[in-house]
Amino acid sequence: MGKRRPGSPTLEEVAAHAGVGRGTVSRVVNNAAGVKESTRRAVQQAIAELGYVPNLAARSLAGRRADAVALVMTEPDWRKFAEPFFSEIVRSLGDALTDTGMQLLLTLVRSDTDRERFLEYARGGRVDGVLVMSVHADDPLPDMLAEARLPTVLLGRRSADEHVSYVDADNVGGARSAVAHLLDKGRRTIATITGPLDMYVTRCRLRGYREALAHAGLDAPPSWVAEGDFTAESGRRAMARLIERHPEIDGVLAASDTTAAGALEALRAAGRRVPQDVAVIGFDDFPLAERTEPRLTTVRQPLEEIGRAMVRLLLEEMEESSVAWRHVILRTELVVRESA
């Protein structure tokens, strides 16, 4: 457990200060039943006056809460953690946990060895629950966590048949509304730059894109679709390929604002004006969308609400382990700016 810091009070000193036994202080610290309210208040006052900090390691060994939640990032390419989506989600989750007193621990899991190591860590009582983001279709980690009966909530999902609790945005509807907007503005040769096709979020946005074109009586040939990876560089490369294939392109839906920013650079390099020649729409509504030239029309994901919903579901699973998994899908909103 390590040595006690000089001057830091012990459980026994708190008990003496409150005029109760050591066991009573322990029950109050662990929020156990069977303590009179007046006694609980006296112990809590003693804790505050002495500045006592519970020994969380000892509580963990005793089978108590670790007061920590792991945020597991499963993206194999570490460079993608520099993208705005990751920082925005971490911030929203941290804000949602602020009033719970729980720590948010960031963990990278990018290989089978990492998965086994993290599973052993989590099963050892070091975290009370797990939040998982950037999950790909073939990732077994959510199933491993479910089999270990560890409370788990995903950001997004691996497929339409996901059997682990998750919170997602309406990616189909968001993409559909974006393409419908381009059609309303008279665009007819509308391409899309996707994310990685092994991610369900990408396939949902591609489905919404195709549904909107089909509703307008337009086909979506495969050559109008270019795969990216949510980064600006992939947006630049994909946009250049699309212009080469189809110089007549007059609209583009990009899989993220970062991808759209890259597409804007490629269009400028090719001498195309935005939105006069080509209208561009992104996805997410990061602060970046306000800084591009021109400012980016985009599909807003409710990231604050996503963070709150993930934490709420996780806390419910931590309190009642037998609760059935839940699926939450939140609405998106088209934010119209100068690029479309």
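This report describes the two sheets of a predicted model and the helices that pack around them.

## The parallel sheet

One open sheet contains six strands in the order 2-1-3-4-5-11, and its pairing is parallel. Strand 2 and strand 11 (327–330) form the edges, each pairing on one side only. From one strand to the next, the twist averages 20 degrees.

Within this sheet, strand 1 and strand 3 are paired in the parallel sense over five bridges, and Met73 has Met133 of strand 3 as its bridge partner. Strand 3 is also joined to strand 4 by three bridges, and these two strands run parallel. Here Val130 has Thr152 of strand 4 as its bridge partner. In strand 4 (residues 152–155), Thr152 and Leu154 point one way while Val153 and Leu155 point the other way, and all are buried.

## Helices on the parallel sheet

Helix 12 (residues 303–319) packs on this sheet, where it touches strand 1, strand 3, strand 4, strand 5 (166–169) and strand 11. The direction of helix 12 makes about 165 degrees with that of strand 4.

Helix 6 (residues 112–126) has 15 residues and spans 20 Å from its first C-alpha to its last, close to the 21 Å expected at 1.5 Å a residue. Its buried residues are Asp114, Arg115, Phe118, Leu119 and Ala122. Viewed down the axis of helix 6, these buried residues fall within an arc of 130 degrees, so they line one face of the helix. They pack against strand 1 (68–73), strand 2 (103–108), strand 3 (129–133) and helix 7 (141–147). The face turned away from the buried side of helix 6 carries Arg117, Glu120 and Arg123, which are exposed.

## The mixed sheet

A further open sheet has six strands in the order 7-6-8-9-10-12, with mixed pairing. Its edge strands are strand 7 (225–227) and strand 12 (333–335), each of which pairs on one side only. The twist in this sheet averages 20 degrees from one strand to the next.

Strand 10 (residues 297–300) and strand 12 run antiparallel and are joined by three bridges. In that pairing, Thr298 has Val335 of strand 12 as its bridge partner.

## Helices and a buried threonine by the mixed sheet

Helix 9 (residues 200–215) lies across strand 6 (190–194), strand 7, strand 8 (251–254) and strand 9 (279–284), and runs at about 175 degrees to strand 6. Helix 10 (residues 232–245) also packs on the sheet, touching strand 6, strand 7 and strand 8. The direction of helix 10 makes about 150 degrees with that of strand 7.

Thr259 is located in helix 11 (residues 257–269). This residue counts as buried because its relative accessibility is 0%. Apart from its neighbours within four places in sequence, Thr259 is in contact with Ile193, Phe230, Thr231, Ala232, Ser234, Gly235 and Ala254.

## A helix pair

Two packed helices are described by the angle between their axes and the distance between the axes. Helix 2 (residues 22–29) and helix 3 (residues 37–50) pack at an angle of about 85 degrees, and their axes are 10 Å apart. Angles of 65 to 115 degrees count as roughly perpendicular, and helix 2 is therefore roughly perpendicular to helix 3. Thr24, Val25, Val28 and Val29 of helix 2 make the contact with Thr39, Arg40, Val43, Gln44 and Ile47 of helix 3.

Technical notes: Residues are numbered from 1 along each chain as its sequence is written. This is a predicted model: local features need pLDDT of at least 70, side-chain atom pairs count only at pLDDT 80 or more; totals for chains, interfaces and linings use all residues. Side-chain values use heavy atoms; hydrogens and water are left out. Two strands pair if DSSP finds at least two bridges between them. Helices (H or I, at least four residues) and strands (E, at least two) are DSSP runs, numbered from the N terminus. Axes are lines fitted to C-alpha atoms, for helices over the stretch in contact, and angles run from 0 to 180 degrees between N-to-C directions. Contact means heavy atoms within 4.5 Å. The expected span of a helix is 1.5 Å times one less than its number of residues. Buried means under 20% relative accessible area, exposed over 50%, partly exposed in between (1.4 Å probe, protein chains only). The arc is that of the directions from the helix axis to the C-beta atoms. Angles under 35 degrees count as roughly parallel, over 145 as roughly antiparallel, 65 to 115 as roughly perpendicular and the rest as oblique.
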